[in-house]
Amino acid sequence: MPYTEANLAQARETIARYPFAKSAVLPLLHLAQDQDGWVTPEAMREIADLLDLSPAQVLGTCSFYTMYKRAPIGKLVVSVCTNVTCLVNGGPELLGALRSRYAADDDVFVEEVECLAACDRAPALQVNYEFHGPLEAASATELIEEYKRGDRTPRTISGTRVAAGKAS
Amino acid sequence: MAPVETRIVTKRLREVPESSWTIDAAVQSGAYESLRKALAMEPDAIIEEVKTSGLRGRGGAGFGAGQKWSFLPKGVFPRYLCVNGDEGEPSTFKDHMLVERDPHQLIEGIVITAFAIQANIAFIYLRGEFALGADRLEQALHDASAANYVGKNVLGSGFDLEIVLHRGAGCYIAGDETGLMESLEGERAMPRIKPPFPAVQGLYAAPTIVNNVETLSTVPHIIRMGGEEYAKLGVGRSTGTRIFSVSGHVERPGNYEVELGMSFRDLIEGLAGGVRGGKEMKFFIPGGASSPWLVAQHLDAPLDMDHVQGELKSMLGSGAVMVFDEDTDPVQIAWRLSKFFAHESCGKCTPCREGSSWIEKVLYRMANGLGRPADLDLLLDFGNNIVPGLNAPFAQTTICGLGPSIMSPVVGLTRWFRDEVEARIGATGEPVELKVTVP
């Protein structure tokens, strides 16, 4: 999808904040992901046009960073840390349990991530970049279900805050 | 006497934990008073004050902050200030806390520093995953602008400063100062060859200063206390306080701000409650994944950057102290850390890109019962191609520090657990001809 009118205005505002337009690649990719739930090839072409870059340049940057998803992943991205502090506190077991629990669920994408800087609550995870922890399989599943039911308002797939009640 | 924290940078967020990030709570507890004081000073006098304080970078390298600022070439404008909030060093979680819970302290430090170095634009490069931190900073920037602590003609001083909050998108190496600048320019965060150093040619090829969140959060306190007074805290060239993120097998994991010079024992056993469940410590990592490991015999060593590097051949790095109990498999920890480095290697330099993956593969088989007798030496041989000599301060065949960091877990294994690892694997097989020994 191309940017909506409001998002296009926001994109232009963002570009204007930088001395050189190319600096807006990352924020514009976040904005596209906020809107579409992933970064579409169309979005990358549009960003390239806006910033006077080639689509390949935008893809080159986009594909370097783990937060940008270049395929649809559903509504919730669950990022489970398995780096050493979480490792010794049950992170890998948590990851395994959530992966099998949500293997067939198109709305929930469970991924292994590197240290989230929340080691005082290990094992830690994020749901759409909201921090939670310490958790084990049962409490993590309950948490994810709360997001799915709408008892909690998730951020976007890029972690941008959504006003309560407006979640798509 | 029980060890205690010395709360300077964490004072506000500990004293008013329910509202420390709001402008009202911040101003009530003295935020922006140092800014008024600084704006009445000459910019160069601020740099001198920070030099006098001995403040060293809190991100990992420990370079003198005031010294860094004074490297800016005279009369070359525009200049930029970049705030490194891309905290990603495994088990470091201090900047995360400072951004979420005391954004105004950071903003005050940014404005003072930008005034000192005469930069009119500052970029806060915030780790993409810190979503709440981004919300809080955005609100804080909005409120600070409304109160004219940021913006045109700050508090009537004639100084203009715009602060741009820039979210990262998931990448460890954007925390390297040159990687950060590449990322901020819309590129892959691949580090640049130095020289030219950022102070001479950095962001958009203009003179640029990159400082860590904790470093800048400390600046208002140096202005308030005076550099000389601040320098009375600490030990030797490690002045002041630092926030240590203690995690792993401890009773009370968390961030502790202590005066430098305190012992590891007081930090780990006194403040963090020691190894949990009454177990013995097997080893600890003193300064993030990139620092070589230490063991119980080092617990009485001081938290002093020079001592840890010079005497213990490790480093205080980012201040992340990871503690592992007697039941921990050190090979598994080494494997997981090497997996981190293999994942985060940006791919620019061949020794790091290839070496990190090979080291991860060999450690994986060692951790999973498939180790071969020569594996430990094989790892050292790989490592010698990345860090010739395997000694700190690192010689390196890579552009940035990630390369040498890959070897820290292997050096730790070899120094402290060689017998254990070899006993597990068995001692027969073809030896690797070594060109290097671990110092």
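Start by selecting strands β1 (residues 76-81) and β2 (residues 108-113) of chain A: the two run parallel and are joined by six bridges. To see one pairing up close, pick Leu76(A), whose bridge partner in β2(A) is Val108(A). Bear in mind as you click around that this is a predicted model.

Now add strand β3 (residues 125-127) of chain A. With β1(A) the sense is antiparallel, and three bridges hold the pair. Val80(A) is a good residue to label here, with Leu125(A) as its bridge partner in β3(A). Is β1(A) enclosed or open? Five of its six residues are buried, so the strand is largely enclosed by the rest of the structure.

Zoom out and show the whole of chain A. You should find seven helices and four strands, and walking along the sequence gives the pattern α-α-α-α-β-α-α-β-β-β-α. Turn the C-alpha trace along its principal axes and it spans about 50 × 35 × 30 Å. The radius of gyration of chain A is 17 Å, which agrees with the value near 15 Å for a compact globule of 168 residues. Colour by burial if you can: 46% of the 168 residues in chain A are buried. Long-range contacts are well represented too, since among contacts between residues at least 6 apart in sequence, 59% join residues at least 24 apart.Next, bring chain B into view and look at where it meets chain A. The contact takes 37 residues from chain A and 42 residues from chain B. On the chain B side, α8 (131-146), β3 (162-167), α9 (177-184), β7 (241-248), β10 (320-325) and α14 (330-344) each supply at least two residues. Which element of chain B gives the largest share of this side? Select α14(B), which contributes six residues. Coloured by class, the side of chain B that touches chain A shows 16 nonpolar, 17 polar and nine charged residues.

Stay on chain B and colour it by domain. The assignment gives domain 1 (11-232), domain 2 (240-325) and domain 3 (330-425). Select domains 1 and 3 of chain B: their centres, taken over C-alpha atoms, are 34 Å apart. Where these domains touch, 10 residues of domain 1 are in contact with nine residues of domain 3. The domain 1 side of that contact has seven nonpolar, one polar and two charged residues.

For a look inside chain B, select helix α12 (residues 264-271). Its buried residues are Phe264(B), Asp266(B), Leu267(B), Ile268(B) and Leu271(B). Show β7, β8 (254-259), β9 (281-285) and β10 of chain B as well, and you will see what the buried residues of α12(B) pack against. Just past the helix, click on Gly273(B), which follows α12(B) and has a positive phi, near 85 degrees.

Last stop: the largest nonpolar core, with 183 residues. Which of its members touch the most other members? They are Cys82(B), Val111(B), Ala122(B) and Leu267(B), and Leu267(B) is also one of the buried residues of α12(B). Highlight helix α7 (residues 103-117) of chain B as well, the source of the largest share of this core, nine residues. Finally, centre on Ala122(B) and display its surroundings. Leaving out residues up to four places away in sequence, Ala122(B) touches Leu81(B), Val83(B), Ile110(B), Ala114(B), Leu161(B) and Ile163(B).

Note on methods
Residues numbered from 1 in each chain as written. Chains lettered and ligands numbered in written order. Predicted model: local features only at pLDDT ≥ 70, side-chain atom pairs only at ≥ 80, totals over all residues. Domains from an automatic or database assignment. Contact = placed C-beta atoms within 7 Å. Nonpolar A, V, L, I, M, F, W, Y, C, P; charged D, E, K, R; others polar. Buried ≥ 20, exposed ≤ 12 C-beta atoms within 10 Å, placed from the backbone. Pairing = 2+ DSSP bridges. Core = buried A, V, L, I, M, F, W, Y, C linked by C-beta atoms within 7 Å. Rg over C-alpha atoms; globule rule 2.2 N^0.38 Å.
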